[in-house]
Amino acid sequence: MRRILAQQVEARDRYLGPRSLFLVVENDAADASRETVEAAGCAAGLAYARNGDYPAFGFELGAWRWAMRRALPGAGLCADAVVYLTQDSLVLNRPPLAYPPPPSLNATRIYAFDGSKQLLGVPHGERHWIPEAAAAFASVAGAPDAAISPGKAFAGCFGPNVVGTYAAWVALEARGFFDMMRVRTKLDEQRSERVLGLFLERDAASRDRSSIGGDYLRAQRPSLADLPFRKIMGHKARSRERWHAR
């Protein structure tokens, strides 16, 4: 954790200005771990919040839910502030989107991928995320139809990691977007990449088929220095998704 924090702090110091906020939301039930992460983060000048709803709402969406409901409302963000909601393993690789953001920015993916791609560990041809998509969409006010024909291509949401304006995330939070899934396992995470991607593509308020970083496979190629974020950990190196940085 200390190595990850160090790299996040280095990226913050290099790419973020003094008016930017870098918030770490930690997911863990162990007091000792909370103290370690909080002390390291605060010493480095990061804003820190512990996800009080963990593990009930899981990580990623659960951490973002806590940030949107408990941490960011008192941070003084303007409606068009650019808000990145990311995993701990994604680190800024260049300055973020300029402020004010383009008028077209609402809520979108940081990296996309082919959402019809097979789930790891699931028998070939089975799409175990389809029932979860229907249930997740049904829990969001004004959600689109989740039905999708077999093999139909759509843009998944790698990570999942997303970016949008503060106003867009506030509106989505009010509709139940951050409550739609409990991400507790690696398979849940793979499902959420597809469910969130399909939702962002179809939702009338946030319809978006693109991403700011293109296809996620490019993120594995460090020679492309223009990528907005780089990954610092592979899946095998991540024993637990305990906290997430924005």
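**Exercises on a predicted model**

In this predicted model, Arg109 is placed opposite Val162 of strand β8.

**Exercise 1.** Starting from that residue pair, work out which strands make up the open sheet, in what order they lie, and which of them are the edge strands.

*Solution.* Begin with the pairing of β5 and β8, which run antiparallel and are joined by 3 bridges. Next, extend this pair to the open sheet of 3 strands, whose order is β3-β8-β5 and whose pairing is antiparallel. In this sheet β3 (82-85) and β5 (107-109) each pair on one side only, and they are the edge strands. From one strand to the next the twist averages 20°. Finally, add the helix that packs on the sheet: α6 touches β5 and β8, and its direction makes about 135° with that of β5.

**Exercise 2.** Describe how helix α4 packs against helix α6, and determine which class of orientation the angle between them belongs to.

*Solution.* First locate the helices, α4 at residues 130-138 and α6 at residues 186-202, which pack with their axes 10 Å apart at an angle of about 50°. Angles under 35 degrees count as roughly parallel and those of 65 to 115 as roughly perpendicular, and the two helices are therefore oblique to each other. The crossing in which α4 passes α6 is right-handed. On the α4 side the contact is made by Glu132, Ala133, Ala136 and Phe137, while α6 contributes Arg191, Val195, Leu198 and Phe199. Sorted by character, the residues of this contact comprise 6 nonpolar and 2 charged, with no polar ones.

**Exercise 3.** Decide whether Asn161 counts as buried or exposed, and list the residues that it touches beyond four places away in sequence.

*Solution.* Asn161 is found in the loop between β7 (155-157) and β8 (162-165). Its relative accessibility is 0%, and because buried means under 20%, Asn161 counts as buried. Leaving aside residues up to four places away in sequence, Asn161 touches Trp64, Leu85, Thr86, Gln87, Leu90, Arg109 and Ile110. Among these contacts is Arg109, the residue that stands opposite Val162 in β8.

**Exercise 4.** Establish what strand β1 pairs with, in which sense, and which residues lie on each of its faces.

*Solution.* Strand β1 pairs with strand β2 (residues 47-50) over 4 bridges, in the parallel sense, and Val24 stands opposite Tyr48 in β2. Both faces of β1 (residues 23-26) are covered, with Leu23 and Val25 buried on one side and Val24 and Glu26 buried on the other. As background for the whole chain, 53% of its 246 residues count as buried.

Terms used
Residues numbered from 1 in each chain as written. Predicted model: local features only at pLDDT ≥ 70, side-chain atom pairs only at ≥ 80, totals over all residues. Heavy atoms only, no water. Buried < 20%, exposed > 50% of the residue type's maximum accessible area, 1.4 Å probe, protein only. Pairing = 2+ DSSP bridges. Axes fitted to C-alpha atoms, helices over the stretch in contact; angles between N-to-C directions. Parallel < 35°, antiparallel > 145°, perpendicular 65-115°, else oblique. Left-handed = near helix turned anticlockwise from the far one by under 90°. Contact = heavy atoms within 4.5 Å. Nonpolar A, V, L, I, M, F, W, Y, C, P; charged D, E, K, R; others polar.
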